[in-house]
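Below is a short report on a single protein chain. Please keep the sequence and the coordinates open while reading.

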Amino acid sequence: ELVKTCLDEGIKIFFTSAGNPKTFTSLLKENGCVVIHVIANLKYGLKAQEAGCDAVVGEGVEAGGHNGADQLTTFCLIPQLVDKLNIPVIAAGGIVDGRGILAALSLGAEGVQIGTRFAATVESSAHENYKQEIVRSGDQDTVLAFKKIGLVRMIKNDFAFRAMKAENEGWNEIQLRELLGIKRERAGIFEGDLLEGELEAGQGVGLIKDIPTVKDLFERLLREYEQANERIKTIEH
């Protein structure tokens, strides 16, 4: 129903994830859409290419939210995808400034996908509590949890610590799913529950210190990219 609604509304670019890329790709391509699938290892990148996807997002384990079981980092994942795939690779995971963009392109990526940094902007639909929690967080303030039922990177809070404790105590998948519950990420990100919500965010939170407008952020990212690029040129000489 969601896909049909998107097609009815005339959307032409689709990002898909967390499932078989063959499920909707043919239908979307028949409707003249561009399809980009999010993957976390080379095996699934090849499957996405075979399914007819126009590009992939290679997401490293630094990223906020759900991550691949192999826990490949962006720095290791992207070059392997670039070497083996014939379709464009977009890098994601831990990219929050212009330096990260330059690094991703240096690894062979055609572009980047940035999540957590844009979540903490004025125009973001996220709750103000969540945005402030991103700004407050440092380099040690995210954790990977729920390894048995699908890795999630989130900011440490009461719920995250309970999840970690449950895993350490050997809770089974059914118990962990009961603990996770339903729509806990909505409670954290969109309703601002800092204690019981799932505050999905990437490891780059330690580099995020403000809540700018999207326009100001874009200009900053471009400026930082150029500065980083000039620094590399200086080192080369």
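The sections below go from the whole chain to its core and then to individual residues.

## Overall form

This is a predicted model. The chain contains 11 helices and 8 strands. Its radius of gyration is 19 Å, which agrees with the value near 18 Å for a compact globule of 237 residues. The C-alpha trace spans about 50 × 45 × 35 Å along the principal axes.

Of the contacts between residues at least 6 apart in sequence, 55% join residues at least 24 apart.

## Surface and charge

Of the 237 residues, 45% count as buried. The exposed surface of the chain amounts to about 12900 Å², and carbon and sulfur atoms supply 53% of that area.

The chain carries 27 positive and 35 negative charges. The mean positions of the two sets are 2 Å apart.

## The largest nonpolar core

In soluble globular proteins, nonpolar side chains tend to be buried together. In this chain the largest nonpolar core has 24 residues, and Val56, Ile78 and Leu81 have the most contacts inside it. Five elements each supply at least two residues of this core: β2 (34-39), α4 (74-84), β5 (89-92), α5 (98-106) and α11 (214-236). The largest share, 3 residues, comes from α4.

What does Val56 contact, leaving aside its neighbours within four places in sequence? Its partners are Ile36, His37, Ile39, Gly45, Ala48, Leu85, Ile87, Pro88, Val89 and Ile90.

## Helix α5

The buried residues of α5 are Gly98, Gly100, Ile101, Leu102 and Ala104. The cover over these buried residues includes β5, β6 (111-113) and α11. After α5 comes Gly108, with a positive phi near 110°.

## Gly60 and Asn41

Gly60 sits in the loop between β3 (55-59) and β4 (65-66). Is Gly60 buried or exposed? Its relative accessible area is 0%, so Gly60 is buried. Outside its neighbours within four places in sequence, Gly60 is in contact with Asn67, Leu72, Thr73, Thr74, Leu77, Ala92 and Gly93. The C-alpha atoms of Gly60 and Ala228 are separated by 22 Å, with these positions 168 residues apart in the chain numbering.

Asn41 is also a loop residue, placed between β2 and α3 (42-50). With a relative accessible area of 10%, Asn41 falls under the 20% limit and is therefore buried. Leaving aside neighbours within four places in sequence, its contacts are Asp70, Leu72, Leu77 and Leu81. Leu72 and Leu77 thus appear among the contacts of Gly60 and among those of Asn41. Asn41 and Gly68 are 27 residues apart in sequence, and their C-alpha atoms are 7.5 Å apart in space.

## Leu179 and Arg184

Leu179 belongs to helix α9 and is buried, with a relative accessible area of 13%. Not counting residues up to four places away in sequence, Leu179 touches Phe146, Phe159, Arg162, Ala163, Ala166, Trp171 and Arg184. From Leu179 to Gly60 the C-alpha separation is 26 Å, and the two are 119 residues apart along the chain.

Arg184 belongs to helix α10. Why does Arg184 count as buried? Its relative accessibility is 15%, and buried means under 20%. Beyond its neighbours within four places in sequence, Arg184 is in contact with Phe159, Arg162, Leu179, Glu196, Gly197 and Glu198. Phe159 and Arg162 are listed for Arg184 and also for Leu179.

## Positive phi angles

Most residues other than glycine have a negative phi. Ala18 has a positive phi of about 60° although it is not a glycine. Ala18 lies in the loop between β1 (13-16) and α2 (22-30). Its relative accessible area is 83%, so Ala18 is exposed.

Lys183 is another non-glycine residue with a positive phi, about 60°. Lys183 occupies the loop between α9 (173-180) and α10 (184-189).

Key. Residues are numbered from 1 along each chain as its sequence is written. This is a predicted model: local features need pLDDT of at least 70, side-chain atom pairs count only at pLDDT 80 or more; totals for chains, interfaces and linings use all residues. Side-chain values use heavy atoms; hydrogens and water are left out. Helices (H or I, at least four residues) and strands (E, at least two) are DSSP runs, numbered from the N terminus. The radius of gyration is taken over C-alpha atoms; the globule rule is 2.2 Å times the number of residues to the power 0.38. Buried means under 20% relative accessible area, exposed over 50%, partly exposed in between (1.4 Å probe, protein chains only). Contact means heavy atoms within 4.5 Å. Accessible areas come from the Shrake-Rupley method with a 1.4 Å probe; for residues, only the protein chains shown count as cover. Lys and Arg count as positive and Asp and Glu as negative; His and the chain ends are not counted. The place of a charge is taken as NZ of Lys, CZ of Arg, CG of Asp or CD of Glu. A nonpolar core is a set of buried Ala, Val, Leu, Ile, Met, Phe, Trp, Tyr and Cys residues joined through side-chain atoms within 4.5 Å.
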